[in-house]
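Open your viewer and get ready to click along. Each stop on this tour gives you something to select and tells you what is there.

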Amino acid sequence: ADIMDTLWRQYRNALIDAPVVDAPTPGTETKLDPIEYNGHWYQGFYDYLSWADAQAHCESLGGHLIFIDDADENAFAMLFVDTMGRLWIGATDEATEGEWLWADGSAVTFTAWADGEPNDSGGEDHADLIIMGDATPQWNDLPGDVGTQSFTGVVGLPYICEWDTDPTATDDDADATDDGTTDDEGDSEDP
(Lines give C-alpha, C1' and ligand atoms only; values in the text may rest on other atoms or scores of the structure.)
Protein backbone atom coordinates (compact mmCIF):
# COMPACT_ATOMS: atom_id res chain seq x y z
CA ALA A 1 0.00 0.00 0.00
CA ASP A 2 2.88 2.42 0.70
CA ILE A 3 4.29 1.99 -2.83
CA MET A 4 0.87 2.67 -4.40
CA ASP A 5 0.40 5.69 -2.16
CA THR A 6 3.81 7.07 -3.20
CA LEU A 7 3.08 6.50 -6.89
CA TRP A 8 -0.31 8.17 -6.56
CA ARG A 9 1.26 11.24 -4.90
CA GLN A 10 3.96 11.47 -7.59
CA TYR A 11 1.33 11.24 -10.31
CA ARG A 12 -0.87 13.93 -8.71
CA ASN A 13 2.08 16.24 -8.09
CA ALA A 14 3.18 15.88 -11.72
CA LEU A 15 -0.29 16.95 -12.92
CA ILE A 16 -0.90 19.92 -10.67
CA ASP A 17 1.14 22.64 -9.11
CA ALA A 18 -0.48 22.29 -5.68
CA PRO A 19 0.49 20.08 -2.76
CA VAL A 20 -1.36 16.80 -2.30
CA VAL A 21 -2.90 16.61 1.14
CA ASP A 22 -2.70 13.32 2.98
CA ALA A 23 -5.99 11.63 3.75
CA PRO A 24 -7.02 13.00 7.14
CA THR A 25 -6.97 11.02 10.35
CA PRO A 26 -10.59 10.14 11.24
CA GLY A 27 -12.08 12.87 13.41
CA THR A 28 -9.82 15.61 12.07
CA GLU A 29 -10.72 18.33 9.60
CA THR A 30 -8.45 19.42 6.76
CA LYS A 31 -9.77 22.22 4.58
CA LEU A 32 -8.89 24.81 2.00
CA ASP A 33 -9.39 28.53 2.62
CA PRO A 34 -12.80 29.92 1.54
CA ILE A 35 -12.82 31.58 -1.88
CA GLU A 36 -15.36 33.96 -3.44
CA TYR A 37 -16.60 33.41 -6.98
CA ASN A 38 -19.49 35.12 -8.73
CA GLY A 39 -21.15 36.31 -5.53
CA HIS A 40 -20.93 32.99 -3.66
CA TRP A 41 -18.33 31.55 -1.27
CA TYR A 42 -16.83 28.07 -1.54
CA GLN A 43 -14.60 25.95 0.68
CA GLY A 44 -13.15 22.51 0.04
CA PHE A 45 -12.95 19.92 2.82
CA TYR A 46 -10.79 16.76 2.79
CA ASP A 47 -12.86 14.96 5.42
CA TYR A 48 -13.77 11.96 3.18
CA LEU A 49 -17.38 11.75 4.33
CA SER A 50 -20.48 10.08 2.94
CA TRP A 51 -22.67 12.38 0.84
CA ALA A 52 -25.21 12.79 3.67
CA ASP A 53 -22.50 13.51 6.28
CA ALA A 54 -20.82 16.03 3.95
CA GLN A 55 -24.16 17.80 3.36
CA ALA A 56 -24.87 17.78 7.11
CA HIS A 57 -21.43 19.29 7.79
CA CYS A 58 -22.02 22.06 5.24
CA GLU A 59 -25.44 22.76 6.79
CA SER A 60 -23.91 22.94 10.28
CA LEU A 61 -21.69 25.72 8.91
CA GLY A 62 -24.68 27.56 7.40
CA GLY A 63 -24.15 26.37 3.81
CA HIS A 64 -24.73 23.36 1.58
CA LEU A 65 -22.82 21.13 -0.81
CA ILE A 66 -21.98 23.06 -3.99
CA PHE A 67 -24.86 23.64 -6.42
CA ILE A 68 -23.43 23.96 -9.93
CA ASP A 69 -25.73 26.18 -11.97
CA ASP A 70 -23.84 26.64 -15.26
CA ALA A 71 -20.76 25.70 -17.27
CA ASP A 72 -18.71 28.54 -15.78
CA GLU A 73 -19.36 27.38 -12.22
CA ASN A 74 -18.59 23.81 -13.29
CA ALA A 75 -15.24 25.01 -14.67
CA PHE A 76 -14.62 26.94 -11.43
CA ALA A 77 -15.28 23.77 -9.41
CA MET A 78 -12.54 22.08 -11.44
CA LEU A 79 -10.04 24.15 -9.44
CA PHE A 80 -11.04 22.12 -6.39
CA VAL A 81 -10.94 18.83 -8.30
CA ASP A 82 -7.42 19.66 -9.52
CA THR A 83 -6.30 19.90 -5.90
CA MET A 84 -8.60 17.47 -4.11
CA GLY A 85 -9.52 14.78 -6.62
CA ARG A 86 -13.10 13.62 -7.13
CA LEU A 87 -15.55 15.19 -4.69
CA TRP A 88 -19.20 15.38 -3.71
CA ILE A 89 -21.53 18.00 -5.17
CA GLY A 90 -25.05 18.71 -3.90
CA ALA A 91 -27.11 16.81 -6.50
CA THR A 92 -29.16 13.72 -5.66
CA ASP A 93 -31.97 11.63 -7.14
CA GLU A 94 -32.50 9.70 -3.92
CA ALA A 95 -36.19 10.74 -3.62
CA THR A 96 -37.15 9.78 -7.20
CA GLU A 97 -34.82 7.87 -9.48
CA GLY A 98 -33.82 10.00 -12.48
CA GLU A 99 -35.15 13.27 -11.01
CA TRP A 100 -31.99 15.13 -9.97
CA LEU A 101 -32.47 17.79 -7.30
CA TRP A 102 -30.08 19.93 -5.29
CA ALA A 103 -29.88 19.16 -1.58
CA ASP A 104 -32.41 21.94 -0.83
CA GLY A 105 -34.99 20.31 -3.15
CA SER A 106 -34.58 22.75 -6.05
CA ALA A 107 -34.35 21.33 -9.57
CA VAL A 108 -30.97 20.69 -11.18
CA THR A 109 -31.19 22.72 -14.41
CA PHE A 110 -27.57 22.42 -15.59
CA THR A 111 -25.74 19.10 -15.84
CA ALA A 112 -22.33 17.94 -16.99
CA TRP A 113 -22.72 14.16 -16.85
CA ALA A 114 -19.89 12.02 -18.18
CA ASP A 115 -20.76 9.70 -21.07
CA GLY A 116 -23.08 6.94 -19.83
CA GLU A 117 -23.90 8.80 -16.61
CA PRO A 118 -25.97 8.89 -14.54
CA ASN A 119 -26.36 5.13 -14.69
CA ASP A 120 -27.68 4.21 -11.22
CA SER A 121 -25.31 1.24 -11.14
CA GLY A 122 -25.84 -0.38 -7.76
CA GLY A 123 -28.24 2.30 -6.51
CA GLU A 124 -26.13 5.38 -7.20
CA ASP A 125 -28.17 8.38 -6.03
CA HIS A 126 -25.58 11.10 -5.34
CA ALA A 127 -23.41 13.12 -7.71
CA ASP A 128 -19.67 13.59 -7.59
CA LEU A 129 -17.42 15.73 -9.76
CA ILE A 130 -14.43 14.13 -11.45
CA ILE A 131 -11.96 14.93 -14.20
CA MET A 132 -12.36 12.57 -17.12
CA GLY A 133 -9.74 11.55 -19.66
CA ASP A 134 -10.24 14.71 -21.72
CA ALA A 135 -9.47 16.85 -18.63
CA THR A 136 -12.97 18.29 -18.35
CA PRO A 137 -14.90 18.34 -15.08
CA GLN A 138 -17.78 15.93 -15.44
CA TRP A 139 -20.37 14.44 -13.15
CA ASN A 140 -20.77 10.83 -12.08
CA ASP A 141 -23.32 9.18 -9.81
CA LEU A 142 -22.26 7.12 -6.80
CA PRO A 143 -23.94 5.51 -3.80
CA GLY A 144 -23.91 8.15 -1.07
CA ASP A 145 -22.43 5.89 1.58
CA VAL A 146 -19.37 4.80 -0.38
CA GLY A 147 -16.95 6.42 -2.77
CA THR A 148 -13.60 5.04 -1.71
CA GLN A 149 -10.31 6.60 -2.69
CA SER A 150 -8.87 3.42 -4.15
CA PHE A 151 -5.21 4.23 -3.48
CA THR A 152 -5.68 5.17 0.16
CA GLY A 153 -8.59 2.92 1.16
CA VAL A 154 -10.37 5.88 2.81
CA VAL A 155 -14.16 5.63 2.58
CA GLY A 156 -16.07 8.71 1.42
CA LEU A 157 -15.12 11.69 -0.70
CA PRO A 158 -13.89 15.23 -0.11
CA TYR A 159 -16.52 17.90 -0.78
CA ILE A 160 -17.16 21.60 -1.42
CA CYS A 161 -19.43 23.69 0.78
CA GLU A 162 -21.11 26.78 -0.71
CA TRP A 163 -22.53 29.91 0.96
CA ASP A 164 -24.30 33.05 -0.26
CA THR A 165 -22.17 35.18 2.09
CA ASP A 166 -18.62 35.07 3.44
CA PRO A 167 -18.54 32.15 5.93
CA THR A 168 -15.65 33.78 7.81
CA ALA A 169 -17.58 36.98 8.56
CA THR A 170 -18.56 37.29 12.20
CA ASP A 171 -21.43 39.07 13.95
CA ASP A 172 -18.84 41.56 15.16
CA ASP A 173 -18.08 42.43 11.52
CA ALA A 174 -21.74 43.25 10.94
CA ASP A 175 -22.03 45.20 14.21
CA ALA A 176 -19.03 47.47 13.62
CA THR A 177 -19.72 51.20 13.36
CA ASP A 178 -18.14 53.52 10.83
CA ASP A 179 -15.29 54.26 13.23
CA GLY A 180 -14.66 50.55 13.89
CA THR A 181 -16.24 50.47 17.35
CA THR A 182 -19.36 48.61 18.49
CA ASP A 183 -21.91 49.34 21.14
CA ASP A 184 -23.36 46.78 23.53
CA GLU A 185 -26.40 45.96 21.38
CA GLY A 186 -24.45 45.82 18.14
CA ASP A 187 -26.26 48.93 16.84
CA SER A 188 -24.42 51.93 15.45
CA GLU A 189 -23.38 54.46 18.04
CA ASP A 190 -24.91 57.90 17.82
CA PRO A 191 -22.31 60.59 17.14
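Start by selecting Glu97, which sits in the loop between β4 and β5; helices (H or I, at least four residues) and strands (E, at least two) are DSSP runs, numbered from the N terminus. Glu97 is partly exposed, at a relative accessible area of 47%. Here buried means under 20% relative accessible area, exposed over 50%, and partly exposed in between (1.4 Å probe, protein chains only). Now add Asp120 and Asp125: Glu97 is in contact with both, leaving aside its neighbours within four places in sequence, where contact means heavy atoms within 4.5 Å. The C-alpha atoms of Glu97 and Asp120 are 8.2 Å apart, although 23 residues separate the two along the chain.

A note before moving on: this is a predicted model, in which local features need pLDDT of at least 70 and side-chain atom pairs count only at pLDDT 80 or more, while totals for chains, interfaces and linings use all residues. Residues are numbered from 1 along each chain as its sequence is written, and side-chain values use heavy atoms, with hydrogens and water left out.

Zoom out and colour by secondary structure. You should find four helices and eight strands in the protein chain, running α-β-β-α-β-α-β-β-β-β-β-α from the N terminus on. Of its 191 residues, 41% count as buried. Among contacts in the chain with a separation of 6 or more, 60% come from residues 24 or more positions apart.

Next, the inside. Select Ile68, Leu87, Ile89, Leu129 and Trp139, the residues with the most contacts inside the largest nonpolar core, which has 24 residues. Such a core is a set of buried Ala, Val, Leu, Ile, Met, Phe, Trp, Tyr and Cys residues joined through side-chain atoms within 4.5 Å. At least two core residues come from each of β2 (40-49), α3 (71-84), β4 (87-92) and β6 (126-131), and α3 gives the most, with five. Stay with Leu87 and show what surrounds it: not counting residues up to four places away in sequence, Leu87 touches Phe80, Val81, Asp128, Leu129, Leu157, Pro158, Tyr159 and Ile160. Apart from this core lies another, of eleven residues, including Trp88, Leu142, Leu157 and Tyr159.

Now for the rings. Nine aromatic pairs turn up in a search of the whole structure; rings of Phe, Tyr and Trp (its six-membered ring) pair if their centres lie within 6.5 Å, and planes under 30 degrees apart count as stacked, over 60 as edge-to-face and the rest as tilted. Select Phe67 and Trp102, a stacked pair at 5.1 Å centre to centre with 20° between the planes. Phe67 lies in the loop between β3 (64-65) and α3 and Trp102 in strand β5 (residues 101-102), so this pair ties together parts 35 residues apart in sequence.

Then pick Trp113 and Trp139, which meet edge-to-face at 5.4 Å centre to centre and 80° between the planes. Trp139 is buried, at 0% relative accessible area, and Trp113 also counts as buried, at 18%. To see the wider cluster, add Trp100 and Phe110: ring pairs link them with Phe67, Trp102, Trp113 and Trp139.

For the last stop, select Asp47 in strand β2. What does its side chain make a polar contact with? The partner is the side chain of Tyr159, at 2.8 Å; a polar contact is a pair of N or O atoms within 3.5 Å, where within protein one must be able to donate a hydrogen and the other to accept it, and residues adjacent in sequence count only if both atoms are side-chain atoms.
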